[in-house]
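This briefing covers the pockets of the structure shown below and one helix residue. Topics are grouped under short headings.

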Amino acid sequence: MLLVAEAGLSGGEPEAHVRAQAASDPALLAEALSLLSADRASFPPLDDPEPTLGSTPDLREALGRLRGSPPGQLGGFMVRELIGAGATALVYRGWERDARTEAAIKVMPCSDEDARMTARFEAEASALSSLWHPGIVRVFAAGVDPAPAGKLLWIAMELVR
């Protein structure tokens with residue numbers, strides 16, 4: 001619906017935009033507000049005003065364990081050398097086992113109890129994998145694999161040298 005798309009691009013509060021534009025048509029107003037509500041419910045982890053990510057003592061410890069004992073394989077990807085590190089994840093060079101495609105594999109440790117972080121990761125991975133532009137790396141695959149002290153969230157993407 002064009003009205004809902006315009007509301008999202010209006011730069012202000014989408015609901016206020018819809019109410020102003022559809023005030024004279026109760027059926028249109030109800031439908032547009034319903035669509036806005038459904039859109040917000042579809043991606044709650046991304047809209048969370050309090051980020052679940054951050055460098056905590058537990059995360060720093062998990063990153064240290066991961067650095068000392070990298071996963072040999074995640075999904076269909078062989079994980080090899082560490083090429084980067086950040087506050088919440090490590091990035092490895094590796095390759096897709098069957099296609100022999102080289103990849104950058106971002107790995108983030110997560111506790112089994114942190115459902116919010118897993119949901120946010122899965123929503124972001126899904127959004128990233130649907131993007132295509134020459135200036136954006138391609139996402140090959142993403143997943144959640146078990147680890148000795150929780151789980152590993154990972155995303156394999158095009159390796160840019």
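For the lining counts, Ala, Val, Leu, Ile, Met, Phe, Trp, Tyr, Cys and Pro count as nonpolar, Asp, Glu, Lys and Arg as charged, and the others, Gly among them, as polar. The model is predicted: local features need pLDDT of at least 70 and side-chain atom pairs pLDDT 80 or more, while totals for chains, interfaces and linings use all residues. Residues are numbered from 1 along each chain as its sequence is written, and side-chain values use heavy atoms, without hydrogens and water.

**Largest pocket**
- A pocket is an open set of points on a 1 Å grid over the protein atoms alone, where a 1.4 Å probe fits, with protein on both sides within 12 Å along at least five of seven lines; lining residues have an atom within 4 Å of a point.
- The largest pocket has a volume (the space filled by probe spheres set on the points, which are joined across faces, edges and corners) of about 440 Å³.
- Its lining has 23 residues, with Ala62, Arg65, Pro109, Cys110 and Ala149 nearest the centre.
- These lining residues comprise 12 nonpolar, 6 polar and 5 charged.
- The largest share, 6 residues, comes from α4; helices (H or I, at least four residues) and strands (E, at least two) are DSSP runs numbered from the N terminus.

**Second largest pocket**
- The second largest pocket has a volume of about 190 Å³.
- Of its 12 lining residues, Lys106, Met108, Phe121, Glu124 and Leu128 lie nearest the centre.
- α5 gives the largest share of this lining, 6 residues.

**Leu28**
- Leu28 lies in helix α3 (residues 26-42).
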